[in-house]
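Hello,

Here is the structure I promised to pass on to you. Have a look at it first, and then read on for a short tour of what turned up.

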Amino acid sequence: MAGRNELVVSFGEMLIDFVPTVAGVSLAEAPAFLKAPGGAPANVAIAVARLGGAAAFAGKLGDDEFGRMLAAILRENGVDDSAVVFDAGARTALAFVTLRADGEREFMFYRNPSADMLLTADELNVGLLKRAAVFHYGSISLIAEPCRSAHLRAMEVAKEAGALLSYDPNLREALWPSREEARAKILSIWDQADIVKVSEVELEFLTGIDSVEDDVVMKLWRPTFKLLLVTLGDQGCKYYARDFRGSVPSYKVQQVDTTGAGDAFVGALLRKIVLDPSSLQDQKKLEEAIKFANACGAITTIKKGAIPSLPTEIEVLRLMENA
């Protein structure tokens, strides 16, 4: 059992991604699909564990073969699954993900409703939440009840127990009833986070402005934040802390599949922050942590699939040394 000072608890959805066997085709054109475990919060937990950290995943899976397979994958990767519950009446979520010729993704989801949407506040493992040094979550768990109420309660429990709250909205427009509702619900919990990470696409979605200039980013800043990050793909990352801001370039690699790169970045950064929370107030330490996270994200794009591509610490350090 990890001490509370290093445990990262990741909350939300875990699902099966079906990825075409060939890249650069539409879902209709795909000759066949490979199944791959996915779901951003689960990817973050496994990223932390693969880097040698203590991680747990909290969420609901279908009591079906896919759900049992996903729980086994968490355990195989060293992630605590004691906060995973199973629903006998709903299936594990599925997503068909096509990789376009440029390595970017398009999604089609099967969730009507899937088990992850049916988690209730009563099913939360409160003891585990209270041990978290960091409680990490996305926005997909805010879409529907009862999961939304479970999500809000989990944030409350973790925060009261002293955890840092980490939020990556991980926008999936196709899952929301409308763009307006997505924006409103994503922002409804904005002020409560300590650490927020958005992509440049999410920055434009939330601000309505197609720019990554500081004045646009600062529209999303809150005085309660400790850190706001904007990831820029292969261009690296911009960061904003209370007393300083800056940018850190990425590492150049031959990209094959960007799936999970953002999750790898988040997992690596959270791993560094729980090891040394003072990095949130120390610009030099924070930049080193972001360099490490950028390298972790870059390595994840070299291979297909999120979880198989997540690197070990040795692989990350090797890329950083060779760059």
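**A first look at F18 and its surroundings**

F18 is a buried residue, with a relative accessible area of 15%. Please keep in mind throughout that this is a predicted model.

What does F18 pair with? There are 12 aromatic pairs in the structure, and one of them is formed by F18 and F66, with 6.1 Å from centre to centre and 65° between the planes, an edge-to-face arrangement. This pair brings together distant parts of the chain: F18 belongs to strand β2 (residues 15-20) and F66 to helix α2 (residues 65-76), and the two are 48 residues apart. Unlike F18, which is buried, F66 is partly exposed, because its relative accessible area is 28% and the buried class ends at 20%.

**The sheet around β2**

Strand β2 is also part of an open sheet of 4 strands, which follow the order β3-β2-β6-β7 with mixed pairing. At the edges you will find β3 (33-38) and β7 (105-110), each of which pairs on one side only. On average, neighbouring strands in this sheet are turned by 25° against each other, direction ignored. Helix α2 packs on the sheet and touches β2, β3 and β6, and its direction makes about 95° with that of β2.

If you zoom in on β2 and β6 (residues 94-99), you will see that they run parallel and are joined by 3 bridges. For a concrete place to look, take I16, whose bridge partner in β6 is L94.

**D194, a buried acid**

Next, please go to D194, in the loop between α5 (179-188) and β10 (195-199). Is D194 buried or exposed? Its relative accessibility is 4%, so D194 counts as buried.

Two polar neighbours are worth showing on screen. The side chain of D194 makes a polar contact of 3.2 Å with the side chain of K159. A polar atom of the D194 side chain also lies 2.7 Å from the backbone nitrogen of L165. Leaving aside residues up to four places away in sequence, D194 touches K159, A163, L164, L165, T224, F225, K226 and L227.

One of those contacts, F225, leads on to another group: F225 forms one aromatic cluster with F11, F135, Y137, Y167, W190 and W221.

**R179 and the charges over rings**

Helix α5 is also where R179 lies. At 40% relative accessibility, R179 counts as partly exposed. Which residues does R179 touch, not counting those up to four places away in sequence? They are E173 and F205. With E173 there is a polar contact between the two side chains, at 2.9 Å. For a sense of scale, R179 and N294 are 115 residues apart in sequence, and their C-alpha atoms are 29 Å apart in space.

F205 has another partner too: the charged end of R183 sits over the ring of F205, 4.6 Å from its centre. A similar arrangement can be found at F292, where the charged end of K272 sits over the ring, 4.3 Å from the centre.

I hope this helps you find your way around. Do write back with any questions.

Best wishes

Methods: Residues numbered from 1 in each chain as written. Predicted model: local features only at pLDDT ≥ 70, side-chain atom pairs only at ≥ 80, totals over all residues. Heavy atoms only, no water. Buried < 20%, exposed > 50% of the residue type's maximum accessible area, 1.4 Å probe, protein only. Polar contact = N/O pair within 3.5 Å; in protein donor to acceptor, adjacent residues only side chain to side chain. Contact = heavy atoms within 4.5 Å. Phe/Tyr/Trp six-rings, centres within 6.5 Å; stacked < 30°, edge-to-face > 60°. Lys NZ or Arg CZ within 6 Å of the ring centre and 35° of its normal. Pairing = 2+ DSSP bridges. Axes fitted to C-alpha atoms, helices over the stretch in contact; angles between N-to-C directions.
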